[in-house]
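The following account leads through a protein model, from one helix to the chain as a whole and then to its hairpins and loops. Please keep the sequence and the three-dimensional view at hand while reading.

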Amino acid sequence: MTDARKLLIEAARRQSLGGVAVAVVRKGEPPDFEYLGLASRETNTPIDVDTVFRIASISKTMTAIGLMQLRDQGLFELDDPVNKFLTAFTIEPPAGGAEVTFRHLLTHTAGIGEVPRVSDLVRRAAWGAGKPGTAAADLGAIYRGTLRPDVVAGAKWAYANHGFAVVGQVIEDIVGRPFAEHMREHVFQPLGMESTEYTRTDRTKDKVATGYHWLFRNLNALKDYDLALLGPGSVLSSPVDMAIYAEWLLHGGAGSNGDVLRPETLAEMMSPQYSVDPRITGMGLAFWLDDVGGHRTAGHDGNVPGFASSLVVAPDDGIGVVALTNNSSFIGAHLLAHDVLRSLLGVPDPASALPRADVAPTPHLWSELEGYYAPNPGFLTNLRSWQMVGGEVQ
């Protein structure tokens with residue numbers, strides 16, 4: 001039994017993962033797959049390499065690649081205002097604020113909130129969820145012609161799905177054709193990702209796993225749905241396709257069917273572009289950056305109802321891992337992908353070094369750390385932090 005399979009079985013037990021698949025990739029080599037559980041408990045269909053999952057926010061990295069292709073064609077620069085290229089709506093900055101740029105959008109620093117307006121908290125369309133087969137969202141209608149950021153661009157970091165919805169829209173406005181069609185022709189087809197798409201079609205509709213959540217000690221099936229905000233997190237993909245994507249991220253350039261993105265541009269996307277503190281690695285362009293035992297990594301996680309995913313690559317080592325599950329699990333896929341990566345790199349789990357002998361149990365710094373901690377102002381840009389950690393700490 002491989003180490004990856006041992007870790008998969010342990011994660012499925014510990015994190016209550018329903019069906020789960022792991023792909024391990026090495027630069028220039030065929031991928032290895034491990035999978036466990038069912039794509040559908042109702043039909044007893046097992047997970048396999050062709051099962052289609054919702055990869056959620058890993059989609060943002062793909063959307064960003066589509067945008068950077070246009071940058072490399074000389075159509076704009078990263079610090080250009082996006083209003084110069086948007087036709088479906090405009091972005092109106094707060095009074096005296098800087099215009100939102102492409103770099104702001106790709107680093108979650110555009111000041112855009114979790115939803116466009118406070119009234120959108122109860123509007124399902126603003127969250128992007130819809131019935132199966134729902135059409136792509138009309139952002140011009142949702143924003144009523146104008147998107148108003150919650151705070152000044154560059155003033156704070158705030159994760160924003162609507163920021164990447166704007167990225168998808170500006171791609172569509174620049175190329176003059178539907179965003180999903182353009183991405184299929186210029187990203188997925190050149191990479192050979194035949195079961196990957198933003199909106200469900202005949203290629204994937206019969207392969208999509210059922211999403212589940214753990215409730216009352218049972219896995220319960222969620223009602224099927226589609227996501228109308230395409231750019232942030234609507235992509236459907238399979239383990240075999242995600243292995244292709246992860247392996248390509250290790251070198252960039254051409255896919256199996258043509259050029260996708262220059263290697264130096266992909267390296268730029270995986271280099272630090274924004275950090276809230278110089279001691280934190282921070283973000284590239286759409287990619288989360290980190291250090292695993294001295295090994296540089298880049299990737300992204302994803303969570304939507306019934307599905308969780310994680311993608312992490314160590315580009316200097318030529319190794320990558322993808323974990324996909326059809327169960328709501330906030331950190332289960334992330335923990336599994338990083339456990340497998342650490343195993344491949346020979347890096348111990350950081351928890352094994354705890355408690356640290358060099359940290360006093362009652363440090364003199366405690367008095368200096370006592371106080372009130374809360375995010376910077378901005379109601380809509382703080383919704384996610386309030387949901388996750390209560391918003392403030394005394």
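Which glycine follows α2, and what is the sign of its phi? The residue is glycine 74, and its phi is positive, near 80 degrees. The model discussed here is a predicted one, and helix α2 offers a convenient place to begin. Helix α2 covers residues 59-72. At 1.5 Å a residue, its 14 residues should span 20 Å, and the C-alpha atoms at its ends are indeed 20 Å apart, so the expected and the computed span agree. As for its surroundings, 13 of the 14 residues of α2 are buried, which means that the helix is largely enclosed by the rest of the structure.

From this helix one may turn to the whole chain. The protein chain contains 13 helices and 18 strands. Its radius of gyration is 21 Å, close to the 21 Å that the globule rule gives for 394 residues; the chain is therefore as compact as a globular protein of that length. Along the principal axes, the C-alpha atoms fill a box of roughly 60 × 60 × 45 Å. Of the 394 residues, 50% are buried.

Individual positions show how sequence separation and spatial separation may be read together. Alanine 21 belongs to strand β1, which comprises residues 20-26. Because its relative accessibility is 2%, under the 20% limit, alanine 21 counts as buried. Alanine 21 and glutamate 34 are 13 residues apart in sequence, and their C-alpha atoms are 5.8 Å apart in space. Isoleucine 174 is a second example, located in helix α6 (residues 161-175). With a relative accessible area of 24%, isoleucine 174 is partly exposed. Along the chain, 53 residues separate isoleucine 174 from leucine 227, and the distance between their C-alpha atoms is 23 Å.

The hairpins come next. Strand β9 (residues 212-215) pairs with strand β10 (residues 218-221) in the antiparallel sense, over four bridges. One of the paired positions is leucine 215, whose bridge partner in β10 is asparagine 218. The two strands form a hairpin with two residues between them, and in the turn phenylalanine 216 has a positive phi of about 55 degrees.

Strand β16 takes part in two further hairpins. This strand runs over residues 295-304 and is mostly covered, with seven of its 10 residues buried. On one side in sequence, β15 pairs with β16 in the antiparallel sense over five bridges. Within this pairing, aspartate 290 stands opposite threonine 297 in β16. Two residues lie between the strands of the hairpin, where glycine 293 takes a positive phi near 55 degrees. β16 also pairs with strand β17 (residues 307-314), again in the antiparallel sense, and this pairing has seven bridges. Here glycine 299 has valine 312 of β17 as its bridge partner. The hairpin of β16 and β17 likewise has two residues between its strands, and glycine 306 in the turn has a positive phi of about 85 degrees.

The sign of phi deserves attention outside the hairpins as well. Most residues other than glycine have a negative phi. Where, then, does arginine 144 lie? Arginine 144 is placed in the loop between α5 (139-142) and β8 (146-147). Although arginine 144 is not a glycine, its phi is positive, about 55 degrees. At 52% relative accessibility, over the 50% limit, arginine 144 counts as exposed. Alanine 286, also not a glycine, has a positive phi of about 80 degrees. Its place is in the loop between α10 (263-269) and β15 (288-292). Is alanine 286 buried or exposed? Its relative accessibility is 1%, so alanine 286 counts as buried.

The last stop is on the surface. Val118, Leu121, Val122, Trp127, Phe379 and Trp386 make a nonpolar surface patch of about 580 Å². One of these residues, leucine 121, is found in the loop between α3 (102-106) and α4 (124-127). Because its relative accessibility is 33%, leucine 121 counts as partly exposed.

Note on methods:
Residues are numbered from 1 along each chain as its sequence is written. This is a predicted model: local features need pLDDT of at least 70, side-chain atom pairs count only at pLDDT 80 or more; totals for chains, interfaces and linings use all residues. Side-chain values use heavy atoms; hydrogens and water are left out. The expected span of a helix is 1.5 Å times one less than its number of residues. Buried means under 20% relative accessible area, exposed over 50%, partly exposed in between (1.4 Å probe, protein chains only). Two strands pair if DSSP finds at least two bridges between them. Patches are made of residues with over 30% relative accessible area and no salt bridge: like charges are joined within 9 Å, nonpolar side chains (Val, Leu, Ile, Met, Phe, Trp, Tyr) within 5 Å. Accessible areas come from the Shrake-Rupley method with a 1.4 Å probe; for residues, only the protein chains shown count as cover. A salt bridge is a side-chain nitrogen of Lys or Arg within 4 Å of a carboxyl oxygen of Asp or Glu. The radius of gyration is taken over C-alpha atoms; the globule rule is 2.2 Å times the number of residues to the power 0.38.
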